[in-house]
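Reader: Hi! I'm new to this one and would love a friendly walk through it. Could you take a look with me?

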Amino acid sequence: MMRQYELVERVVKYDPDADEDLLNRAYVYAMKAHGNQTRASGEAYFNHPLEVAAILTEMKLDDATVAAALLHDTVEDTEATHQEIEEKFGKEIASLVDGLTKIKKIDLVTTEATQAENLRKLLLAMSKDVRVLMVKLADRLHNMRTIEHVKPEKRLRIAQETMDIYAPLAGRMGMQTVRDELEDISFRVLNPDANKIIQDRLSQLHEESGDVLREIEKALATKLAENGIKAEVYGREKRPYSIWRKMERKHLSLGQLSDIFGFRVLVGTVDQCYRAIGIAHRTWRAIPGRFKDYISTPKQNDYRSLHTTVIGPHHMRVEMQIRTRLMHEIAERGVAAHALYKDAPDAREALDGFRPPGAESNAYRWLRHLVEMLQEGESPKEFLEHTKLELFHDQVFCFTPKGQLIALPRGATPIDFAYAVHTSIGDSCVGCKVNGRHAPLVAELQNGDEVDIIRSDAQVPPPAWESIAVTGKARAAIRRATRAAMRKQFAGLGREIVEKLLAKQNRPMVAKEIAAAVPRLGHKNVDDTMAAIGRGDLSGYDMLKAMGLTVEASQMRESRRKGTTKKSDQSQAASVPVRGLSGNMALTISKETGAVPGERIVGISMPGEGVTIYPIFAKALEQFDSQPERWIDLAWDSDASQQMFPARINVILLNEIGALAQVTQVIGDHGGNIDELQMMARQGVRDFFDLDILLEVHDARHLNDIIAGLRTRNAVSAVTRATG
Ligand code: MN
């Protein structure tokens, strides 16, 4: 446990004017107030407020904040009262503690509409004084660090709340270090399996790549030094949670992730930042579309940096963040850094053109803006629609028609929404209305959208949804549902087969006899056995034999042959397996874009030529906007997996030896076919050319695999699905 004098010393070290007496009194008061109380871990309760205070000293916060941290649990958990705190420590600290006491009672993991109201209360309590938020985040950080002592059920709840609310809030306040740690611990609690897999892969890569990290660090620093720039270069592995998010977002597999290293380059001045990036771009080849200038246009949370990705030493992708040391401080500590630097003259210079000296930070202004809005008495729902919103820039918040709030990752579709409300709603979802209008199930949801899911009990989620959904919950449920549906179909087929075979021997199907035969076949229940027969894993005759009936060998052979013939007949049945058309209309898939199962499609009737199928995102559809009578609602038939379908993609490729071979190899490795390939020099940029490829693939998932595979190749700088 940290000693009293150690804590005070820490504060005095960065703030010589700190009120030592105040800190000492708060320490003693809190220690006495918590007395013999213990935490779930068995240690003295006082250790908790002390650790929270210590975290705040790392952020170099003022004496009042550190004192409030020591006292933060006293009013709620001990005999101490607000009055007493005010008498002993003054109004400022009493009001900080009061804010923290109020927050404690707010439950944010409600799935009811009350979540909006509670979040509003939380922000209101915190935004009166930004220091309340600092203490709250430090409090949560320490609780997360010690979460293994909490009961499993409560642990999940706390981790979920941290992931949903507190980590994004820390991020919005620019406190990257706190955000990262909150996310990492929550991820470990919420998804231990994924966390372990990623950790294992990271250590494996670590062994394989050896000292590459240090080598690149050195190469970067040397190159900059040669050009007269003294820079500190830090290489680091990305965190498991950020890797996980990337995998989810881009549907990548772990093996396909190439850029798991990132580098930070810290220099003295803004001018040096731009010179450093110039040197990097002259020395190594920059990947187009990856250069971002957050110095001239800072992020909303005041983050400033130059970002770029180059193909560096060892032909590895090297992701770089270049910034001044002060920008770095702000990137790591956000609002907390501003509190300290607001009066320092050299800080003013370094921040020149960023904000006027003495002005509040963007993050704090945002918080204050929120309070004003809240005081204007907006309804919680409107409030969420307008602001929350900005806070969680990687999330979208949508509502059910009854006003229940559903938080989803950015990029989520109505399918994800349906599964987030309830698995049974996802499974039976056939369509949706977004803000009162019919919308495709693949539409990307936006903040504040009201989503009304249209359901049918006859629905079974099509397997292709799995590649459309972005949330793990939806994808797992879809997999489960399709497996269950397939099993049911096969079981039905298996029953028919057995019934027919029995009929040939003039025997009825008797449930008791069947059930008795099941264990002899090594199966657990009748449904499983019938599904195995339907699937062809088990012969119907095996069932008959298990029932004690005689079966001729010649009959068995015949049945096997028939089984195979039937299958190949089915796959030739229709050239384009879609539902939604009557009669024998000629169907073609647009060559401009192609279209594959899993992509939402529409048909356009072409007089005299039949129907042309377009994916919903095809630009060509715009020309038919004014002719709604030509639009035909189509859907892929669920049994389309045997065929290949056209899909056009655009690739930006490095102009180097072997680049094209890399592309064709990836496509070949994934079992895709290349139907057409065109190569064009990229205008004005010598080093790159454009590839236009018409592929043949099984479905959207297959296509995504190929696209993800291409993205991992060094020679490939961008891959997009063609929209025509
Ligand atoms: Mn606490």
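Reader: Which residue in E10 is the bridge partner of lysine 433?
Author: That would be histidine 438. Keep in mind that this is a predicted model.

Reader: And how many bridges do E9 and E10 pair over?
Author: Three bridges, in the antiparallel sense, with strand E9 covering residues 429-434.

Reader: In what order do the strands of that open sheet come?
Author: The order is E10-E9-E11, so to speak from one side across, and the three strands pair in the antiparallel way. The edge strands are E10 (437-439) and E11 (451-455), each of which pairs on one side only. On average, neighbouring strands of this sheet are turned by 40° against each other, ignoring direction.

Reader: Which strands does helix H20 lie across?
Author: Helix H20, residues 414-421, lies across E9 and E11, and runs at about 80° to E11.

Reader: Switching topic: how many aromatic pairs are there?
Author: The structure holds seven. One of them is a tilted pair of phenylalanine 187 and tryptophan 244, at 5.7 Å centre to centre and with 35° between the planes.

Reader: Where in the chain do those two sit?
Author: Phenylalanine 187 is in helix H10 (residues 176-190) and tryptophan 244 in helix H13 (residues 240-250), so this pair links distant parts of the chain, 57 residues apart. Phe187 and Trp244 also form one aromatic cluster with Tyr241.

Reader: Is phenylalanine 187 buried or exposed?
Author: Phenylalanine 187 counts as buried, because its relative accessibility is 2% and the cut-off for buried is under 20%.

Reader: What about tyrosine 614 and phenylalanine 624, how is that pair arranged?
Author: Tyrosine 614 and phenylalanine 624 make a tilted pair, 6.2 Å centre to centre with 50° between the planes. Tyrosine 614 lies in strand E15 (residues 610-615), while phenylalanine 624 is in the loop between E15 and strand E16 (631-633), so the pair ties together parts that are ten residues apart in sequence. Tyrosine 614 is buried at 5% relative accessible area, and phenylalanine 624 is buried at 6%.

Reader: Nice! On to charges: how many salt bridges does the count come to?
Author: The count comes to 29 salt bridges. Among them is aspartate 21 with arginine 25, at 3.2 Å from N to O.

Reader: Why are aspartate 21 and arginine 25 separated by about one helical turn?
Author: Because they are four residues apart in helix H2, which spans residues 20-34. Aspartate 21 is partly exposed, with a relative accessible area of 46%, and arginine 25 is partly exposed as well, at 34%.

Reader: Which parts of the chain does the bridge between glutamate 466 and arginine 701 tie together?
Author: The closest N and O atoms of glutamate 466 and arginine 701 are 3.3 Å apart. Glutamate 466 lies in helix H22 (residues 465-468) and arginine 701 in helix H29 (residues 700-711), so the bridge ties together parts that are 235 residues apart in sequence. Glutamate 466 counts as buried at 13% relative accessibility, whereas arginine 701 is partly exposed at 36%.

Reader: Last one: where does pLDDT stay under 50?
Author: One such stretch is residues 340-359, for which the model has 25 contacts beyond four places in sequence. Another is residues 560-574, with five such contacts. Where pLDDT is low, the predicted coordinates should not be read in detail. The chain averages a pLDDT of 79, and 80% of the residues score at least 70.

Terms used:
Residues are numbered from 1 along each chain as its sequence is written. This is a predicted model: local features need pLDDT of at least 70, side-chain atom pairs count only at pLDDT 80 or more; totals for chains, interfaces and linings use all residues. Side-chain values use heavy atoms; hydrogens and water are left out. pLDDT is the predictor's confidence in each residue, from 0 to 100. Contact means heavy atoms within 4.5 Å. Two strands pair if DSSP finds at least two bridges between them. Axes are lines fitted to C-alpha atoms, for helices over the stretch in contact, and angles run from 0 to 180 degrees between N-to-C directions. Rings of Phe, Tyr and Trp (its six-membered ring) pair if their centres lie within 6.5 Å; planes under 30 degrees apart count as stacked, over 60 as edge-to-face and the rest as tilted. Buried means under 20% relative accessible area, exposed over 50%, partly exposed in between (1.4 Å probe, protein chains only). A salt bridge is a side-chain nitrogen of Lys or Arg within 4 Å of a carboxyl oxygen of Asp or Glu.
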